[in-house]
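Welcome! Have the sequence and the 3D view open, and try each exercise before you read its solution.

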Amino acid sequence: MVCRTVRVVRQVWITGAGGPEKLQVREAPDPLPKDGEVRIRVRAAGINFADILAREGLYPDAPKLPAVIGYEVSGVVDALGAGADEALRDKEVFALTHFGGYSEYVVLPADQAIPKPETLSHEQAAAIPVNYLTAWQLLVVMGSLKPTESVLIHNAGGGVGLATIDIARHVGATIYGTASAGKHAFLKERGLDYPIDYRTGDWSAELDRLTQGRGVELITDPIGGAHWRKSYRALRATGRLGMFGASTLTESKLIGPLRLLSVGVSLPWYNPLMLMNRNRSVFGVNLGHLWHEREKLREWTGTLLQGVADGWVRPHVDKTFPFAQAGEAHAYISARKNTGKVVLIP
Ligand SMILES: NC(=O)c1ccc[n+]([C@@H]2O[C@H](COP(=O)([O-])OP(=O)(O)OC[C@H]3O[C@@H](n4cnc5c(N)ncnc54)[C@H](OP(=O)(O)O)[C@@H]3O)[C@@H](O)[C@H]2O)c1
């Protein structure tokens, strides 16, 4: 009889809805790749704001808790299932994961594993999938940003924010962005033309002043709720509002489902006649709902990898935390301390 030695792998679990203390390292059996799959030994796992919402029980797409979340990893392929491309063996790759990324090993379909550019560290590669694909979809695929136009990026200092600055700069547009004041100097260095402090003042009055009342052609807004109304009002004629998150959920003092409800009732409704008469449009982006469009994701990733080679995709890792300090990593983001990506190291 052949016995397989069962290795255990370390994973970060959300043990239940709540604060950062709900993140705990647990051991699980070593996952085996099935037909057409590869196993990746993870060197870096990206943290996204959605993970914080999931931990707080505020993310409708999250798996039922307790669960291992995590949307992206970078590492080395260490096992192949039958039929998986042999060329991937021992290759350094990065990938989007449909949860389960906070783990020493992940198993996923071989065609999801993208060879990692040698010029990037694993930490930087883990900062690419969610941030840059979301930013690409917002600015280029759906936002149709042009060099002669201007864009306002909300939360310009977060992971998606920095990726959005990179892409807007590549397009050649004029860039306005909201962020905590302490991040402005760094964001200017990265290419943000007009940083706006939205924490201590009214960003729309400042944008009005900077644009002589004209507004901007594109706004990317992950804050959500009633904030989308305010962003919509700041659009110039022909303007587009890209809605892609609801970070305002974490600020509500209400508890549980009441928080979702309070944000839900504050949502704007867009009337077709009003859109027509104002020459404006609104659109939504949710990368987590694009798993059925892998061809598109592959094509966009190809363009972004060319951007890495050409130097306009510059993933910036602010800080790394070991798995055992995953709670501290979440707390760091919730305290708005991060500028760019926060990454977990197994
Ligand atoms: N729809 C999609 O496909 C998609 C994909 C990725 C991300 N998103 C959304 O995009 C937003 C940014 O995500 P991310 O991963 O880039 O964020 P992140 O890197 O975790 O950055 C978070 C930053 O956002 C700002 N922020 C705004 N509201 C906040 C709040 N209530 N609590 C804490 N920080 C807050 C803070 O910076 P400042 O105070 O300096 O602004 C903070 O440093 C989130 O709403 C997320 O859900 C959506």
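## Exercise 1: Two domains and their contact

In this predicted model, the C-alpha centres of domain 1 and domain 2 are 27 Å apart. Find which residues make up each domain, and describe how the two domains meet.

**Solution.**

Step 1. Start with the bounds: the domain assignment gives residues 8–128 + 315–345 to domain 1 and residues 131–288 to domain 2.

Step 2. Next, look at who takes part. Domain 1 brings 18 residues to the contact, and domain 2 brings 23 residues.

Step 3. Now consider the area. About 1700 Å² is buried between domain 1 and domain 2, with 55% of that coming from carbon and sulfur atoms. On the domain 1 side, Leu58, Arg336 and Thr339 supply 36% of the area buried against domain 2, more than any other three residues.

## Exercise 2: Salt bridges

How many salt bridges does the whole structure hold, and how many are counted between domain 1 and domain 2?

**Solution.**

Step 1. A search of the whole structure gives 17 salt bridges.

Step 2. Between domain 1 and domain 2 the count is two.

Step 3. Zoom in on Arg336, whose side chain forms a salt bridge with that of Glu251 at 2.7 Å, N to O. To place this pair, go back to the bounds: 315–345 belongs to domain 1, and 131–288 is domain 2.

Step 4. For another example, pick Arg39 and Asp78, a salt bridge with its closest N and O atoms 2.8 Å apart. Arg39 sits in strand β3 (residues 37–46) and Asp78 in strand β4 (residues 72–80), so to speak distant parts of the chain, 39 residues apart.

## Exercise 3: Enclosed spaces

Work out what lines each cavity of 30 Å³ or more, and where the second largest cavity lies relative to the domains.

**Solution.**

Step 1. There are two cavities of 30 Å³ or more.

Step 2. The largest cavity has a volume of about 200 Å³. Its lining has 15 residues, with Leu96, Gln112, Ile114, Leu297 and Thr301 closest to the centre. Helix α10 gives the most to this lining, with five residues. Sorted by class, the lining of the largest cavity holds ten nonpolar, two polar and three charged residues.

Step 3. The second largest cavity holds about 50 Å³ of space. Among the residues that line this cavity are Ala127, Asn131, Tyr132, Gly340 and Lys341. The element giving the most to its lining is α4, with three residues.

Step 4. Both domain 1 and domain 2 give residues to the lining of the second largest cavity, so this cavity lies between them.

How values were computed:
Residues are numbered from 1 along each chain as its sequence is written. This is a predicted model: local features need pLDDT of at least 70, side-chain atom pairs count only at pLDDT 80 or more; totals for chains, interfaces and linings use all residues. Side-chain values use heavy atoms; hydrogens and water are left out. Domain bounds come from an automatic or database domain assignment. Contact means heavy atoms within 4.5 Å. Buried area is the accessible area (1.4 Å probe) that two parts lose on being put together, summed over both. A salt bridge is a side-chain nitrogen of Lys or Arg within 4 Å of a carboxyl oxygen of Asp or Glu. Helices (H or I, at least four residues) and strands (E, at least two) are DSSP runs, numbered from the N terminus. On a 1 Å grid over the protein atoms alone, a cavity is a set of points where a 1.4 Å probe fits but cannot get out, and a pocket is an open set with protein on both sides within 12 Å along at least five of seven lines; lining residues have an atom within 4 Å of a point. Grid points are joined across faces, edges and corners, and a volume is the space filled by probe spheres set on the points. Ala, Val, Leu, Ile, Met, Phe, Trp, Tyr, Cys and Pro count as nonpolar, Asp, Glu, Lys and Arg as charged, and the others, Gly among them, as polar.
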